[in-house]
Amino acid sequence: MVMKTLFFVWGAVLLLTACGGGRQEAGSVGVQPIRTDSLVLPETLFLGHVRQVRVYDSVLYIWDLRNPSMMFAVAYPSLETLCSFLPKGKGPEEMLEIGGFDADDRYLYVMASREPKLAIYAQDSLRAGVQRPLRMVACPNEVAPSFAFAKGGGDTLILQNARPNRRVLLCDTAGHLLRAQYPMPENEETQNIEPLLMPYLWMSRMACREGRVALVTRLGEVLEICDPADTVQAVVVVGRDGIPGFTPEGVMGRVNGFMDVRIFGGKVFAVYSGMSMQEVDRMLDEKGYAPSGGRYFRVYDLSTGELERVYELDRYISSFDILPDGRTVIAADPTAEQQLCTFTLPEW
């Protein structure tokens, strides 16, 4: 089963821009190599598989998929461990899995993936080593399961949902569901795809800052820039690796796409793989493993979606954050011995 359709967007304004993908980066924007440096953490901090990293007000927050406490707070740049928190489990202050986390000036928000609940932590308390959340918020059942999560303006929470036709949900910090928007693309050809598979085919990484939401596809090369206050996408960028689809063998996803995305200073920063699923399968068969990240670090204009810069890293990364200087990047490579690294973007 192969999906060959163009991406269908509801709304009056649509900007469709071609840009490079995967190993074809140099065909559109010149590629600059960048060297990374490992961050050596204390021996007492044992990381299993880092899924996401974020830095807020001199604290590095780490989400670890394989640790009994799924979150760590680490002082930055000293890398002193402040505390571990959010135990994995079914208890009142525990979660089975995390759908994502984000923060504002005062609080850290952690959204469950499989359960409809949200943990809110006071960042001052985490800096002081307090492990317990300020409060746990029960959310409507409609929010679970959740693929991605971002903190919007005010008390707005933005989630990517795994239910058909409820792709992006807006909630508030009290657990009230506000609305659903940005529905899945539908036309004659997509009608042949099982509706329950569509959210998984179009699952994305997500960022929200500066009044915009950026969605980047995991199984394709699509960047969407949206206004969370509006129900239509303003900018959609489809690259050479195209929209999510199925291989001729019926495998979901033709390409390993975007790994993570951030918004900063009027730009969208994203890390991209571009490795075909056939190549991933070949590496798994021959070597027993395949890269879990990407090496292409891209910079887009937040207003137009234009691809402006492409950097090729000397290692794969699967998550990253931009520090307030706009150039220093903290990233995670869960397959490396030292899972955290840093690099500096050149001045423009």
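These notebook entries record what I looked up in a predicted model.

**Entry 1. Ground rules**

I number residues from 1 along each chain as its sequence is written. I note that, in this predicted model, local features need pLDDT of at least 70, side-chain atom pairs count only at pLDDT 80 or more, totals for chains, interfaces and linings use all residues, and side-chain values use heavy atoms, with hydrogens and water left out.

**Entry 2. Peptide bonds and backbone angles**

I began with the backbone. Most peptide bonds are trans, and most residues other than glycine have a negative phi.

I looked up the bond from tyrosine 76 to proline 77 and found it cis, with omega near 15°. Proline 77 sits in the loop between strand S6 (69-75) and strand S7 (81-87). Here helices (H or I, at least four residues) and strands (E, at least two) are DSSP runs, numbered from the N terminus.

I recorded another cis bond between alanine 144 and proline 145, where omega is about 0°. Proline 145 belongs to the loop between strand S11 (135-138) and strand S12 (146-151).

I then turned to phi. Leucine 79, which is not a glycine, has a positive phi of about 65°. Leucine 79 is located in the loop between S6 and S7. Is leucine 79 buried or exposed? Leucine 79 is buried, at 8% relative accessibility; buried means under 20% relative accessible area, exposed over 50%, and partly exposed in between (1.4 Å probe, protein chains only).

Glutamate 210 also has a positive phi, near 55°. I placed glutamate 210 in the loop between strand S16 (204-209) and strand S17 (212-217). With 46% relative accessibility, glutamate 210 counts as partly exposed.

**Entry 3. The sheet that holds S20**

I traced an open sheet of 5 strands, in the order S2-S23-S22-S21-S20, with mixed pairing. Two strands pair if DSSP finds at least two bridges between them. Strand S2 (31-34) and S20 are the edge strands, each pairing on one side only. From one strand to the next, the twist averages 25°; axes are lines fitted to C-alpha atoms, for helices over the stretch in contact, and angles run from 0 to 180 degrees between N-to-C directions.

At the S2 edge, S2 runs parallel to strand S23 (residues 307-317), and 4 bridges join them. Valine 31 stands opposite valine 310 in S23. I also found helix H3 (residues 277-287) packed on the sheet, where it touches S20 and S21 and makes an angle of about 60° with the direction of S21. Contact means heavy atoms within 4.5 Å.

At the other edge, S20 (residues 255-264) is mostly covered, with 9 of its 10 residues buried. S20 and strand S21 (residues 267-276) run antiparallel and are joined by 8 bridges. Phenylalanine 258 has tyrosine 272 of S21 as its bridge partner. The hairpin of S20 and S21 has 2 residues between the strands, and glycine 265 in this hairpin takes a positive phi near 60°.

I examined one residue of S20, asparagine 256. Asparagine 256 is buried, with a relative accessible area of 8%. Leaving aside neighbours within four places in sequence, the contacts of asparagine 256 include Arg218, Tyr272, Met277 and Pro291.

**Entry 4. Cysteines**

How many disulfides does the structure hold? I found 0 disulfides, a disulfide being a pair of cysteine sulfur atoms within 2.5 Å.

The closest cysteine sulfur to that of cysteine 171 belongs to cysteine 139, 5.9 Å away, which is too far for a bond. Cysteine 171 is buried, with a relative accessible area of 2%. For cysteine 226, the closest cysteine sulfur is that of cysteine 208, at 9.8 Å, so it is too far for a bond. Cysteine 226 is buried too, at 0% relative accessibility.

**Entry 5. Threonine 328**

I closed with threonine 328, in strand S25 (residues 328-332). At 15% relative accessibility, threonine 328 counts as buried. Threonine 328 and phenylalanine 343 are 15 residues apart in sequence, with 6.0 Å between their C-alpha atoms. Not counting residues up to four places away in sequence, threonine 328 touches Tyr76, Asp321, Ile322, Leu323, Thr342 and Phe343. Tyr76 is the residue whose bond to proline 77 I recorded as cis.

Which side chain makes a polar contact with the side chain of threonine 328? The partner is aspartate 325, at 2.6 Å. A polar contact is a pair of N or O atoms within 3.5 Å; within protein, one must be able to donate a hydrogen and the other to accept it, and residues adjacent in sequence count only if both atoms are side-chain atoms.
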